[in-house]
Amino acid sequence: MSTTVPCPHCGEPALFAPQNKWRPFCSERCKMIDLGAWATESYRIPVADPMDGLEAGGDSGTGDGD
């Protein structure tokens, strides 16, 4: 049984098996485009600002309870 998944770059069906040396991508081209996006830092993980949620004059974040 062969399993196909959508290519993360273009969405075309890609064989998800050892026979597909570019898995989970459909081709070397899509794999290299994705690698280039990582290399140029086009993909970013959002980080919440630690100051968000702190009210003016609120907890100082020291954790000492005073």
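The legends below describe close-up views of a predicted model of a protein chain.

**Figure 1. Overview of the protein chain, with one helix and two strands.** From the N terminus on, the order of the elements is β-β-α. Strand S1 covers residues 4-6, strand S2 covers 13-15 and helix H1 covers 28-39. The chain has 66 residues, and 12% of them are buried. Its accessible surface is about 5,700 Å², with 56% of that area belonging to carbon and sulfur atoms. Of the contacts between residues at least 6 apart in sequence, 2% join residues at least 24 apart.

**Figure 2. Cysteines Cys-7 and Cys-30, without a disulfide.** The structure holds zero disulfides. Cys-7 takes part in none, and the nearest cysteine sulfur to its own, that of Cys-30, is 3.8 Å away. A disulfide needs two cysteine sulfur atoms within 2.5 Å. Cys-7 is buried, and its relative accessible area is 4%.

**Figure 3. Cysteines Cys-10 and Cys-26, with sulfurs 3.6 Å apart.** Cys-26 holds the cysteine sulfur closest to that of Cys-10. The two are not bonded because 3.6 Å is too far for a bond. Cys-10 has a relative accessible area of 38%, so this residue counts as partly exposed.

**Figure 4. Asn-20 in the loop between strand S2 and helix H1.** With a relative accessible area of 9%, Asn-20 is buried. A polar atom of the Asn-20 side chain lies 3.0 Å from the backbone oxygen of Phe-25. Phe-25 is also listed among the residues that Asn-20 contacts once neighbours within four places in sequence are left aside. The others in that list are Ala-14 and Leu-15.

**Figure 5. The cis peptide bond between Arg-23 and Pro-24.** Omega of this bond is about 5°. Pro-24 belongs to the loop between S2 and H1, the loop in which Asn-20 is also found. Pro-24 is in contact with Val-5, and the C-alpha atoms of these two residues are separated by 7.2 Å.

**Figure 6. Val-5 in strand S1 and its contacts.** Val-5 is found in strand S1. Its relative accessible area is 23%, so Val-5 counts as partly exposed. Leaving aside neighbours within four places in sequence, Val-5 is in contact with Glu-12, Pro-13, Ala-14, Phe-16 and Pro-24. Along the chain, Val-5 and Pro-24 are 19 residues apart. Ala-14, one of the residues in contact with Val-5, is in contact with Asn-20 too.

**Figure 7. Gly-11 in the loop between S1 and S2.** At 42% relative accessibility, Gly-11 is partly exposed. The C-alpha atom of Gly-11 is 8.9 Å from that of Phe-25. These two residues are 14 residues apart along the chain.

**Figure 8. Asp-34, a buried charged residue in helix H1.** Asp-34 is buried and has no salt bridge. The nearest side chain of opposite charge is that of Lys-31, 9.5 Å away. A salt bridge would require a side-chain nitrogen of Lys or Arg within 4 Å of a carboxyl oxygen. Not counting residues up to four places away in sequence, Asp-34 touches Phe-25 and Tyr-43. Phe-25 is also in contact with Asn-20.

**Figure 9. Arg-29 in helix H1, with His-9.** Arg-29 has 60% relative accessibility and counts as exposed, whereas Asp-34, also in helix H1, is buried. The C-alpha atoms of Arg-29 and His-9 are separated by 9.6 Å. Along the chain, these residues lie 20 residues apart.

**Figure 10. Glu-41 in the segment after H1.** The backbone of Glu-41 has a phi near 60°. This is a positive value in a residue other than glycine.

Terms used: Residues numbered from 1 in each chain as written. Predicted model: local features only at pLDDT ≥ 70, side-chain atom pairs only at ≥ 80, totals over all residues. Heavy atoms only, no water. Buried < 20%, exposed > 50% of the residue type's maximum accessible area, 1.4 Å probe, protein only. Helix = DSSP H or I, 4+ residues; strand = E, 2+ residues; numbered from the N terminus. Polar contact = N/O pair within 3.5 Å; in protein donor to acceptor, adjacent residues only side chain to side chain. Contact = heavy atoms within 4.5 Å. Lys, Arg positive; Asp, Glu negative; His and termini not counted. Areas by Shrake-Rupley, 256 points an atom, 1.4 Å probe, with all protein chains shown as cover.
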